[in-house]
Amino acid sequence: MTLPAVMKANIFHATPVFRPLVPLAAFAASVLCAPSLLALEATKLRVEHTTAPLGIDTALPRFSWVLHESDSSPAARNQHQTAYRILVASSAEKLAADTGDIWDSGLVNSGQSHLIPLPPAARLAPNRIHHWKVRTLDRDRKPGPWSKPAHFATGPLSRENWHGQWIKHPTASQAAHLWFRKKLTLDTHATTALAHIASLGYHELHINGKKVGTRHLAPALSHYKKRALYVTYDISPLLQPGENTIALWTGPGWTLHRENPNINHAILVQVDGQTSSGARFTLHSDASWKTAESSSREIGKIPRRMGGMGGEEVDGRADAQPWDTPAFDDSQWPAAAITTPIKEIARWPALSSANLTDPTRVAAEFPAKTVTPAGNGACRVDMGRAFTGFIKIKFNGLKAGDVVTIRTSDRKNRDITFDQEQRYIARGADGETFTNRFNFASGRYLHISGLRTPPSPADITAQALTSAAPRTGTFTSSSKLFNSIHETDLWTYEMCTIEGLTTDCPNRERLGYGAETAYMTAWGLGLPAFDSGAFYKKNIRDWADTQTLNGAISATAPQTYGGAWGGPLSSSAIFNLAWEHYLAHADKAVLEEALPVEKKWLDLAWKKTNADGLPSYYFTSTRTTDGYFLGDWLAVGHRQDMNGDPAYLFNLLTLTLAHQLHAKTAQALGKTDDLATEQKRLQTLRRGIQKFYKGGGIYLRDIGAPVSAAFALHTGATPGSERETVLNFLAQDLTGKRPYFDTGSFGRYPYFKTLFGDPRFTGILNTLLAKTTYPGYGYFLEKGETTWPECWEIKDDGCARTHTSYTGISGWFTKVLAGIEPSETGPGYRHFTLRPQVVANLTHAAASIETPQGTIQSAWRKDNPGGGGAPLTYTFAIPVGSTAELTLPAPAGKLTESGTPIRSARQSPGITILEATPQSTRLKLASGKYTFTQQ
């Protein structure tokens, strides 16, 4: 790749984002003098929170890595990076020769290893694969080795670089799944070839008769009225000299939803590559492509309605034709029609963006547990656990034209729930197989009818799908129940996270309600337990996309449903997601994106307020005029706070929380112009809140009292003089009148965040989580649930059995028992807190989370439970470049670290005593591994 002269002139110069560079000669000399054993190595290279992304849509991406220290001795503590050098090259060969022809940062004196931006002088070309690596200097200025090489690819980068046109089938029905194809002839082998596929609806890419990759339901869901996502594929290994067929199988997906009446099921394709002869080639979608209705289609309620997402029908008689191969004759297929799939709104242009979240993929595959005959060619199937995904069934003995119906249910005693029905039309051959392609189901039980020969359990397979990021958080303890609660929480999240968003339930609505997915679910589970930096960055943009021109934000994203249905908590999801993402990933770009959206929404709210500061448009009680005015939702006893005082107070507190998060966001960005306005609005809200205070720590009597009290504490609405009274009320409530979690899905975040944050509740919560009686998490497991249901009352017919209502409880194990929390003073876990809590019924507990800095570990064990000797041992791992504030519940005189009393701090490298009291000791820990013993 040839760089412009101006770029060559600036390629080694310092830029405003970096400190002055150390001369490269000095760096080279330090390398030549380096010892043979190099301890500090850059690993886990990433671009924009993602490993080896394809098709990024920014010309100035940000680079990150994690530093690995192989020495775990005390002498290796306080290890950190003092400088780095990044090389970005146009080929693997140039990178191997240490040539950064696109960018050589030079040696930059900095400890930063996360989200380092490419400087403007090194702007990337579109549709290219780039290679990069990094090496660092440690605390003693000793260089580590070059990292292993990594790569990333740019996408078109701008609409001008898309040469294709959006195309659709000219006459197909709404329900049809479609085939598209086009031939590509190459003179020799392709050395590079990137295919960028944007689609409204889902797509699969096929090359010469083979599906490309393992992703399903591509791309992730977006707000179709504003944004289409594209997926980039490296197809060079599948291309051959001579004739090739580029083919797509597509499904309408959310173009059928009633919120998208004018959105076309369409695709946009561009292929760019180069052959071994040096010739560049391109192919794009236009009217020369051929298309046909495929062997499958959508069935059910079309357009889709809330309460039933239908299923799909597969015609086995048409499925066998080799439609995606070069030999197939498509002369009878019609030509594709050019279309404009998204109608642009004034000042709101349609956008094409890269799909950089994890793909929807098979997370687990398992056979049926039991198959029970049900008479008349039918059977009932128990898959053994609830799942969301595809069903694969092998049939024998069917005759051509036989119709097999497959219904999915989340209840053992019902054949179908939520309109989940699939159909297979047989071609009349043994071993033919049904499997989903563009519509999924969620449940545990199947009812299959129309059979001639009953299938065995081995003939029926569940393919559980998820688009959740890979699990990175771990927890284990001496309690099988706690371990099961943790695992069920993670599995529920995965089964509710599909199509690039976390839904309320994956069977009935499949909508991303903010109240249920953006607060407790994200804070307690999604951020600490999953590698979710890219995932939540995408979801924050989804919420921004739903904002209308007047500032209103939907209650669901990215697909909208019923305006602001549900009230301010759902519509303010972006406030919490952006802030919690920033704390976990130190990405100010998400705050920059969220801040103007937040301000516009708050300004709209204050244009329509009553004397207490509550937006009046949330008072309405019909969906058509913006939605119910909800408070906490589906608490114990199936309580639904709708309108009335409980909802009124809940939403005053919600607006207070939104203002606080907005103020924090503005302060983090140094944009404090509006903070005085924020303070005035908060004063108005707090006066309205105090009207509900009854004394004795109670804001509302009985109905919603615990959630109201916790929410008031969390937002600082409780006067300082009353805080202890309110905390005591909560403690007494949990041990007296209501010895259970008296919260619904909306109230979880302030309720649990308050209780998790105060050690006085640790023993109480431990007791409640250990119970297996109604209502509680142990009760769900005792009754055989394998995912969390929507309601504490699991027998309720309207209760979905896989739902995000109560997800996030696993945060108690990570944040309380292990005590790991990010800190506002060092976002991205550059600094964090450790406050492990030991409970009576456990002999050990351990947790870990992956952070931008590396792995944090926290564990404790009782060395001699019930006996004499040292009662407790704590072990911690602090990543390179990070520091932690550790609080242990013992005086300094009873603590040793690696056998040394911590009072002898000079003999305990990496440890600084911050505060010592007769009850506890607060320490600062530098990076490294530590073992503390509490006598």
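**Exercise 1.** Start with Phe932 in this predicted model: is Phe932 buried or exposed?

*Solution.* The relative accessibility of Phe932 is 0%. Buried means under 20%, so Phe932 counts as buried. Now bring in a ring partner, Tyr930, whose relative accessible area of 2% makes it buried too.

**Exercise 2.** Classify the ring pair of Tyr751 and Phe752, then that of Tyr930 and Phe932.

*Solution.* A good place to begin is with two quantities: the distance of the centres and the angle of the planes describe a pair of aromatic rings. For Tyr751 and Phe752, the centres lie 5.3 Å apart and the planes stand at 70°. Angles over 60 degrees count as edge-to-face, so this pair is edge-to-face. For Tyr930 and Phe932, the centres are 6.2 Å apart with planes at 15°. Angles under 30 degrees count as stacked, so that pair is stacked. As for burial, Tyr751 has 0% relative accessibility and counts as buried, and Phe752, at 1%, is buried as well.

**Exercise 3.** Which residues have the most contacts inside the largest nonpolar core, and which helix gives the largest share of this core?

*Solution.* The core has 198 residues, and Trp65, Ile86, Trp132, Tyr777 and Phe932 have the most contacts inside it. Helix 11 (residues 644–668) supplies its largest share, twelve residues. Another core, of 27 residues, lies apart from it and includes Ala195 and Val231.

**Exercise 4.** Over which rings do the charged ends of Lys133 and Arg437 sit?

*Solution.* Take Lys133 to begin: its charged end sits over the ring of Trp146, 4.8 Å from the centre. The charged end of Arg437 sits over the ring of Trp249, 3.6 Å from the centre.

Technical notes: Residues are numbered from 1 along each chain as its sequence is written. This is a predicted model: local features need pLDDT of at least 70, side-chain atom pairs count only at pLDDT 80 or more; totals for chains, interfaces and linings use all residues. Side-chain values use heavy atoms; hydrogens and water are left out. A nonpolar core is a set of buried Ala, Val, Leu, Ile, Met, Phe, Trp, Tyr and Cys residues joined through side-chain atoms within 4.5 Å. Buried means under 20% relative accessible area, exposed over 50%, partly exposed in between (1.4 Å probe, protein chains only). Helices (H or I, at least four residues) and strands (E, at least two) are DSSP runs, numbered from the N terminus. Rings of Phe, Tyr and Trp (its six-membered ring) pair if their centres lie within 6.5 Å; planes under 30 degrees apart count as stacked, over 60 as edge-to-face and the rest as tilted. A charge sits over a ring if NZ of Lys or CZ of Arg is within 6 Å of the ring centre and within 35 degrees of the ring normal.
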